[in-house]
Amino acid sequence: MATAVTVLYFASLREQIGREHDTAPVPATGVSVRALQAILAEQDATVGQVFAATPRLRVAINQALATFENTVKPGDEVAFFPPMTGGYAA
């Protein structure tokens with residue numbers, strides 16, 4: 001049984017943190033994404049600094065956009081990425 005979540009970092013977050021992914025322990029009842037951020041920051045000061053410097057992060061849980069109030073549970077995949085811009089130009 002899983003007791004952790006897989007955390008993915010994309011775009012500039014990956015470059016600043018220096019790796020593509022982490023794992024973080026979470027209780028069986030789960031934690032909010034915001035609480036997961038705190039766990040990750042406690043595990044690694046660099047992650048904490050990058051999160052603090054990028055206040056407008058986006059998050060996805062199991063490849064679906066989510067909010068920082070959503071709950072993540074053991075076995076989930078959580079992705080953090082900066083806001084994206086762009087679009088189609090005809």
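At what angle do helix α2 and helix α3 pack, and how far apart are their axes? I should like to open with that question, and I note at once that the structure before us is a predicted model.

Helix α2 covers residues 33–43, and helix α3 covers residues 45–53. The two pack at an angle of about 135 degrees, and their axes are 5 Å apart. That angle makes α2 oblique to α3. Angles over 145 degrees would count as roughly antiparallel, and those from 65 to 115 degrees as roughly perpendicular.

Which residues make this contact? From α2 come Q37, L40, A41 and Q43, while α3 contributes A45, V47, G48 and F51. By character, five of the residues in the contact are nonpolar, three are polar and none is charged.

Let us take α2 by itself. Its buried residues are V33, L36, Q37 and L40. Viewed down the axis of α2, they fall within an arc of 105 degrees, so they line one face of the helix. A general point helps here: an α-helix has 3.6 residues a turn, so residues three or four places apart point the same way.

Q37 deserves a separate word. This residue of helix α2 has a relative accessibility of 15%, and it counts as buried because the limit for that class is under 20%. Setting aside residues up to four places away in sequence, Q37 touches F51, L57, F68 and F80. One of these, F51, belongs to the α3 side of the helix contact.

I turn now to α3. Which of its residues are buried, and which are exposed? V47, G48, V50 and F51 are the buried ones. They cover an arc of only 165 degrees around the axis, which puts them on the same side of α3. On the other side, A45, Q49, A52 and A53 are exposed.

Against what do the buried residues of α3 pack? Their partners are strand β1 (4–9), helix α1 (12–17), strand β2 (21–25), helix α2 and strand β7 (77–81). At the start of α3 there is a further detail: a side-chain oxygen of D44 reaches to within 2.7 Å of the backbone nitrogen of T46.

One of those partners, β2, contains H21. Is H21 buried or exposed? With a relative accessibility of 47%, H21 falls between the two and counts as partly exposed. Leaving out residues up to four places away in sequence, H21 touches V7, L8 and Y9. H21 and A79 are 58 residues apart along the chain, and their C-alpha atoms are separated by 8.8 Å.

Finally, I draw your attention to two loop residues. A11 lies in the loop between β1 and α1, and its phi is near 55 degrees, a positive value in a residue other than glycine. A11 has a relative accessible area of 30% and is therefore partly exposed. N62 is found in the loop between β4 (58–61) and β5 (64–66). The phi of N62 is near 50 degrees, again positive in a residue other than glycine. At 42% relative accessibility, N62 is likewise classed as partly exposed.

To return to the opening question, α2 and α3 pack at about 135 degrees with axes 5 Å apart, and Q37 and L40 of α2 are among the residues that make the contact.

Conventions: Residues numbered from 1 in each chain as written. Predicted model: local features only at pLDDT ≥ 70, side-chain atom pairs only at ≥ 80, totals over all residues. Heavy atoms only, no water. Axes fitted to C-alpha atoms, helices over the stretch in contact; angles between N-to-C directions. Helix = DSSP H or I, 4+ residues; strand = E, 2+ residues; numbered from the N terminus. Parallel < 35°, antiparallel > 145°, perpendicular 65-115°, else oblique. Contact = heavy atoms within 4.5 Å. Nonpolar A, V, L, I, M, F, W, Y, C, P; charged D, E, K, R; others polar. Buried < 20%, exposed > 50% of the residue type's maximum accessible area, 1.4 Å probe, protein only. Arc of directions from axis to C-beta. Polar contact = N/O pair within 3.5 Å; in protein donor to acceptor, adjacent residues only side chain to side chain.
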